[in-house]
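Visitor: I'd like to learn how to read a model like this one, feature by feature. Could you walk me through it?

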Amino acid sequence: TQSTWGLDSREHSMCRDCVKSERPDRGETCLETGAFFMNFKGCAACTAVNIGRANVEAVEDDEGNEQVSFTHVCGSCGHEIGKHTYACEVDGGRHEYSMECRLCGIGSDSRAIMPDDDQARMLQH
């Protein structure tokens, strides 16, 4: 199964027992780093309540598009909690943000790059 990131969804399905809710809807929240700690039950392997990161990869192209991925792990035993992916893409004068993660959830947001934003003006009317 392909996710919106073009990744195999199994990459996002590491440990179900460590989270309270799988991929909660986070609305406009998109975390580039960090974790949604309120959704963490604790490590299913060792019961610790300590989140770390591993396998951090960040790529930015010449147009300002950015992709970040890492694995949430137990900070005590290294147990893999879930894969976190974040992207910021420049699209027609806007930054389009997206996040997908078993722990942190799914979110997306769109922000104007310039203060004079036609799309925001149209939404106000």
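**Reading the fold**

Guide: Let's begin with a strand pair: S4 (residues 94–101) and S5 run antiparallel and are joined by eight bridges. Within that pairing, cysteine 101 has glycine 105 of S5 as its bridge partner. Keep in mind throughout that this is a predicted model.

Visitor: What order do the five strands take in the open sheet?

Guide: The general idea comes first: strands of a sheet pair through backbone hydrogen bonds, either parallel or antiparallel. Here the order is S1-S2-S3-S4-S5, with antiparallel pairing. Strand S1 (51–60) and strand S5 (105–112) are at the edges with a single partner strand each, so one side of each has no neighbour in the sheet. From one strand to the next, the twist averages 10 degrees.

Visitor: And which elements does the whole chain have, from the N terminus on?

Guide: The run is β-β-β-β-β-α, that is, five strands and one helix. As for contacts with a separation of 6 or more, 46% of them are between residues 24 or more positions apart.

Visitor: How many bridges pair S2 with S3?

Guide: Eight bridges, in the antiparallel sense. One pair to look up is histidine 72 with its bridge partner in S3, glycine 82. The hairpin of S2 and S3 has five residues between the strands, and glycine 78 there takes a positive phi near 85 degrees.

Visitor: What about S3 and S4: how many residues lie between them in their hairpin?

Guide: Two residues, and glycine 92 in the turn has a positive phi of about 55 degrees. Eight bridges join these antiparallel strands, S3 and S4. You'll find alanine 87 opposite serine 98 in S4.

Visitor: Those were glycines. Which phi values should I look at in other residues?

Guide: Most residues other than glycine have a negative phi, and most peptide bonds are trans. Against that background, look at arginine 23, with a positive phi near 45 degrees. Arginine 23 lies in the segment before S1 and is partly exposed, at 24% relative accessible area. Then there's asparagine 55, whose phi is positive too, near 55 degrees. Asparagine 55 sits in strand S1 and counts as exposed, at 51% relative accessibility.

Visitor: On to the interior. Which residues touch the most other members of the largest nonpolar core?

Guide: In soluble globular proteins, nonpolar side chains tend to be buried together. The largest nonpolar core in this model has 14 residues, and the ones touching the most other members are Cys18, Phe40, Ile81, Tyr86, Leu103 and Cys104. S2, strand S3 (80–91) and S4 are the elements giving two or more residues to this core, and S3 gives the most, with three. For the protein as a whole, 35% of the 125 residues count as buried.

Visitor: What does leucine 103 touch?

Guide: Leaving out residues up to four places away in sequence, leucine 103 touches Val19, Pro24, Ala35, Phe36, Asn39, Phe40, Ile51, His72 and Ile81.

Visitor: I see several cysteines. How many disulfides does a search of the whole structure find?

Guide: A disulfide is a covalent bond between the sulfur atoms of two cysteines. The search finds zero of them. Cysteine 77 is in no disulfide, and the nearest cysteine sulfur, in cysteine 43, is 3.7 Å away. The cut-off here is 2.5 Å.

Visitor: Why is cysteine 104 not bonded to cysteine 101?

Guide: Their sulfurs are 3.9 Å apart, which is too far for a bond. The two free cysteines we've met also sit in unlike settings: cysteine 104 is buried, with a relative accessible area of 0%, whereas cysteine 77 is partly exposed, at 40%.

Visitor: Last thing: where is the confidence lowest, and where is it highest?

Guide: Where pLDDT is low, the predicted coordinates should not be read in detail. Confidence is lowest in helix H1 (residues 118–124), at a mean of 53, and highest in strand S2 (residues 66–74), at 96. The protein averages a pLDDT of 84, and 81% of its residues score at least 70. Over residues 1–13 the pLDDT stays under 50, and the model has 26 contacts for them beyond four places in sequence.

Definitions and conventions. Residues are numbered from 1 along each chain as its sequence is written. This is a predicted model: local features need pLDDT of at least 70, side-chain atom pairs count only at pLDDT 80 or more; totals for chains, interfaces and linings use all residues. Side-chain values use heavy atoms; hydrogens and water are left out. Two strands pair if DSSP finds at least two bridges between them. Helices (H or I, at least four residues) and strands (E, at least two) are DSSP runs, numbered from the N terminus. Axes are lines fitted to C-alpha atoms, for helices over the stretch in contact, and angles run from 0 to 180 degrees between N-to-C directions. pLDDT is the predictor's confidence in each residue, from 0 to 100. Contact means heavy atoms within 4.5 Å. Buried means under 20% relative accessible area, exposed over 50%, partly exposed in between (1.4 Å probe, protein chains only). A nonpolar core is a set of buried Ala, Val, Leu, Ile, Met, Phe, Trp, Tyr and Cys residues joined through side-chain atoms within 4.5 Å.
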